[in-house]
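Here is a small set of exercises to work through with the structure open beside you. Try each task before reading its solution.

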Amino acid sequence: MTQTTAIGLTQDAFETFLASRLEPRWLTDLRRSSWKAFQELPLPHDASPSPKQEEWRRTDIRRFRFDKFPLPSHTAHASSSNGQPTAVGPLLAAGLDLAGSAYALDSRPCKARLDPALAARGVLFGSLDDLVQSHGPAIEPYLFTRAIDPLYDKFSALHAACWSGGMILFVPKGVVIDQPLHMFSAMSPGQSDFGHALIVLEEGAEATVLAETASSDHAAAGLHCGAVEILVGPGARLRYVNLQNWGSGVWHFAHQKALVGRDAKLQWTIGALGSRLAKVNQHVALVGEGAHAQVNGVMFTDGTQHLSYHTLQHHEMPNCTSNLLYKGALQGDSRIVWRGMIKVDRDAQKTDGYQRDDNLILSESARADSIPGLEIEADDVKCSHGATAGRVDDEQVFYAQARGLTRKEAIRMIVSGFFQQVFDRIAVESVRDALGDAIGRRVREYD
């Protein structure tokens, strides 16, 4: 049976939430201090002018109300007849032979599975809620210590206080996981998701993680206030695909950060298709010499959707490379805001950093804002950026129609080609196909 506290993020609701959990003292203390900060910190539009407020200048959340959504209670775990979220299914895992899978519904863990051979080698995977109880000392050095700052803003403080339905992957030194692992979080109408993903790869480890979110009712309201923490150790390799596919009524707030160690490689691909409004901070820090990060983004919006993604490629050490490619397609009255920064510290000589954001406008009233930036303190670097926005070429549409395609089919083909550069970077063929199909279903004819 699923239970929740009373609607609203109140002190009573928070105390009930804490009482429903059996966690180490250090985590309870972190939750209480973060809750205190959440109560004291202003919403961005109420804050005094600052660089943080600048992040929100093009994103209006005055219609958002904290008192409309509940905190989860763990007096009972969500479940269904087969142990998986009902009414909605994952896209990325179809047809794949997985090394492990974990599911959550309405910010409660449902079910987790890991190949016993990997568990025998020390791999931890599944519910962070459960594993922090049984493996607290192993998790404490990583959770909210190096990547996510609980006090960054009101939403990060709320998440640190109330995260639930979290998932973890910990891969010990030298362990290589050949098959993908899958994380899936679903949301019911009017509910909340405070999911937290913690991924830690020790030295020389390798893994592929497919993570996705979805709503059981496409139009229902909901709240996601989440975070992703990724720590890639020296010489490790991580391929991480994160598909955000919430329904069109969900408010989506997230802080996501990766630390990439010496000679390590991270390929991080995001797909942003859902939500009413999304405000996401995606931060990659290259903290070891020779680190490499490739960040890919695919966005598709329609109706009155508003997606705001702020990216940071932070070069802290020398001889590191970063390459970011975001592509967005917009229909209806939707809007995409991308604000990207490459930051190079004084000691990060021999940096090679690049970022690009391209947008394809599919309607007269859609809007894309691209704000790239460079902040360079070193003097021996190669950094550049670019941004484009344009409409579908009518000659291309006519050419396709002349060969028997309908206008909608022609536009779908052009949109697919626009995203192909990102799709080609994804190593798992079925994931490329799933993202392409998900976008293709959303394309509609326009004048």
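The exercises below deal with pockets, cavities and one strand of this predicted model.

**Exercise 1. Describe the largest pocket: its volume, its lining and the elements that supply it.**

Solution.
- Step 1: start with the space, which comes to about 500 Å³.
- Step 2: look at the walls. The lining has 23 residues, and those nearest the pocket centre are E55, Y152, N281, H283 and L312.
- Step 3: trace the elements. At least two lining residues each come from α3 (51–54), β11 (249–260), β13 (277–286), β15 (306–315), β17 (335–344) and β19 (367–376).
- Step 4: sort the lining by class, which gives eight nonpolar, ten polar and five charged residues.

**Exercise 2. Find which residues line the second largest pocket, and sort them by class.**

Solution.
- Step 1: this pocket has a volume of about 230 Å³.
- Step 2: list its walls, namely R58, T59, D60, R62, R63, W251, R276, L277, H306 and R335.
- Step 3: the classes come out as six charged, two polar and two nonpolar residues.
- Step 4: follow two of these names into the strands, where H306 stands opposite R335 in β17.

**Exercise 3. Work out why β17 is largely enclosed, and name its strand partners.**

Solution.
- Step 1: count burial, taking buried as under 20% relative accessible area. Eight of the ten residues of β17 are buried, so the rest of the structure largely encloses this strand.
- Step 2: find one partner. β15 runs parallel to β17, and ten bridges join them.
- Step 3: find another partner. β19 also pairs with β17 in the parallel sense, over ten bridges; one example is V337, whose bridge partner in β19 is D369.

**Exercise 4. Survey the cavities and compare the linings of the largest and second largest.**

Solution.
- Step 1: searching the whole structure turns up four cavities of 30 Å³ or more.
- Step 2: take the largest cavity, with about 310 Å³ of space. Its lining has 26 residues, with T213, H224, V228, Y240 and N242 closest to the centre.
- Step 3: ask which strand gives the most to this lining; β9 does, with four residues.
- Step 4: by class, the lining of the largest cavity holds eleven nonpolar, 13 polar and two charged residues.
- Step 5: turn to the second largest cavity, with about 50 Å³ of space. Its lining includes E55, Y152 and N281, which are also among the residues nearest the centre of the largest pocket.
- Step 6: the lining of the second largest cavity divides into six nonpolar, two polar and three charged residues, and β11 and β13 each supply at least two of its residues.

Technical notes: Residues numbered from 1 in each chain as written. Predicted model: local features only at pLDDT ≥ 70, side-chain atom pairs only at ≥ 80, totals over all residues. Heavy atoms only, no water. 1 Å grid on protein atoms, 1.4 Å probe; cavity = no way out; pocket = protein on both sides within 12 Å on 5 of 7 lines; lining within 4 Å. Points joined across faces, edges and corners; volume = space filled by probe spheres on them. Nonpolar A, V, L, I, M, F, W, Y, C, P; charged D, E, K, R; others polar. Buried < 20%, exposed > 50% of the residue type's maximum accessible area, 1.4 Å probe, protein only. Pairing = 2+ DSSP bridges.
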